[in-house]
Amino acid sequence: MASADLCEVFTSIQGEGLFAGKKQVFTRFSGCNLSCNYCDTIYAKDYKGDALFESEPFSGFFIKERNPTPPFRLKEYIDLYYRLDPSIDSISLTGGEPLLYSEFITFFLGNYKGNKNFHLETNGTMPEKLKEVIELIDFISMDIKVNFLDSDNFFRIQREFLELSASKPLQIKIVVSGDLDLKNFDRALSLIFDVNKTIPLILQPSSKENFDIKFLSNLYKIAKNRITDVRILPQIHKFWGIK
Ligand code: SF4
């Protein structure tokens, strides 16, 4: 049976994208196959410790469980959270990059999904892994990594990932940092336009930099020429000072 290196599992309010404001269980996997300069979860990328499980919803208290974590342990905690707080909307599989654990996710959802909704937050670079889990996932939040799109191979991989994801409810997120390459931004818009121009596009300012509304406004204007639903949304959980 597959097990996974989990960083932390906790309840919070989704602070990004179309589900902002919804209560979710966040299952954060350790490790990532990319290195983004704006990464705000570096601790998860390199995490080697025990898995930290919140003891009960919104308590802020955590219990250590030894990694690698077996699927039934994750199920126990998720069931506990839903039992104590049935108003939880959904479960976010996040990271790091959760698709590094596609085997675990396939087993977990195949056996324990029940009627719960699972969201996948992914960097959109592992289409072969996505194929393994996609039927079990209810919503996908896919990043387009604009500054890597110089590489034709990277572009091809993100395109393949997007084409697969487009069969599900989906949002695309582009993190906007000051060094965003405008030529590559244009390539990202072409990619979305060619697959489906109505997929919601979230322009998310990097939490590591000051908010440049003029720059964001210009990107919005460029994007709206081709994409139907464009939104500038900062990470609202950062304003609240919560995870
Ligand atoms: S893909 Fe996500 S988790 Fe990985 S380095 Fe980039 S921002 Fe961080």
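Helices and strands here are DSSP runs, with at least four residues for a helix and at least two for a strand, numbered from the N terminus. With that in hand, hello everyone, and a reminder that what we are looking at is a predicted model.

Let me start with Pro-68, which sits in the loop between strand E4, residues 62-65, and helix H2. The peptide bond leading from Asn-67 into Pro-68 is cis, and its omega is near -5 degrees. There is another cis bond to look at, from Gly-95 to Gly-96, with omega near 15 degrees. Gly-96 belongs to the loop between E5 and H3.

Those two glycines bring us to the ligand. Which residues are around the ligand? Gly-95 and Gly-96 are there, along with Glu-97, Asn-123, Thr-41, Lys-45, Leu-34, Ser-35 and the cysteines Cys-32, Cys-36 and Cys-39. Sorted by class, that shell holds 5 polar, 4 nonpolar and 2 charged residues.

Now please turn to helix H2, residues 71-84. How does its length check out? It has 14 residues, and at 1.5 Å a residue the expected span is 20 Å; the C-alpha atoms at its ends are 20 Å apart, so the two agree. The buried residues of H2 are Leu-74, Tyr-77, Ile-78 and Tyr-81. Looking down the axis of H2, you would find these buried residues within an arc of 95 degrees, which means that they line one face of the helix. On the other side of H2, Phe-72 and Arg-83 are exposed. And what covers the buried residues of H2? The cover includes four strands, E1 (6-13), E2 (23-29), E3 (51-54) and E5 (90-94), as well as helix H3 (102-112).

On to the core. In soluble globular proteins, nonpolar side chains tend to be buried together. In this model, the largest nonpolar core has 50 residues. Those with the most contacts inside that core are Val-9, Ile-105, Ile-172, Ile-174, Ala-188, Leu-201 and Leu-203. Take Ile-174 as an example: setting aside neighbours within four places in sequence, Ile-174 is in contact with Ile-144, Val-146, Ala-188, Leu-201, Leu-203 and Gln-204.

I would also like to visit three loop positions. The loop between helix H1 (42-45) and E3 contains Asp-50. Is Asp-50 buried or partly exposed? Asp-50 has 17 C-beta neighbours inside 10 Å; a residue needs 20 or more to be buried and 12 or fewer to be exposed, so Asp-50 counts as partly exposed. Not counting residues up to four places away in sequence, Asp-50 touches Lys-64, Glu-65, Arg-66 and Asn-67. Asp-50 and Cys-7 are 43 residues apart along the chain, yet their C-alpha atoms are separated by 7.2 Å.

Next comes Phe-58, in the loop between E3 and E4. Phe-58 is not a glycine, but its phi is positive, at about 60 degrees. With 15 other C-beta atoms within 10 Å, Phe-58 is partly exposed.

Last is Ala-20, in the loop between E1 and E2. Ala-20 has 16 C-beta neighbours inside 10 Å, so it too counts as partly exposed. Beyond the residues up to four places away in sequence, Ala-20 touches Gln-14, Gly-15, Leu-233 and Ile-236. From Ala-20 to Asn-117 there are 97 residues in sequence and 15 Å in space, C-alpha to C-alpha.

That's my tour, and thanks for listening!

Notes: Residues numbered from 1 in each chain as written. Predicted model: local features only at pLDDT ≥ 70, side-chain atom pairs only at ≥ 80, totals over all residues. Near = placed C-beta within 6 Å. Nonpolar A, V, L, I, M, F, W, Y, C, P; charged D, E, K, R; others polar. Expected span 1.5 Å × (residues − 1). Arc of directions from axis to C-beta. Contact = placed C-beta atoms within 7 Å. Core = buried A, V, L, I, M, F, W, Y, C linked by C-beta atoms within 7 Å.
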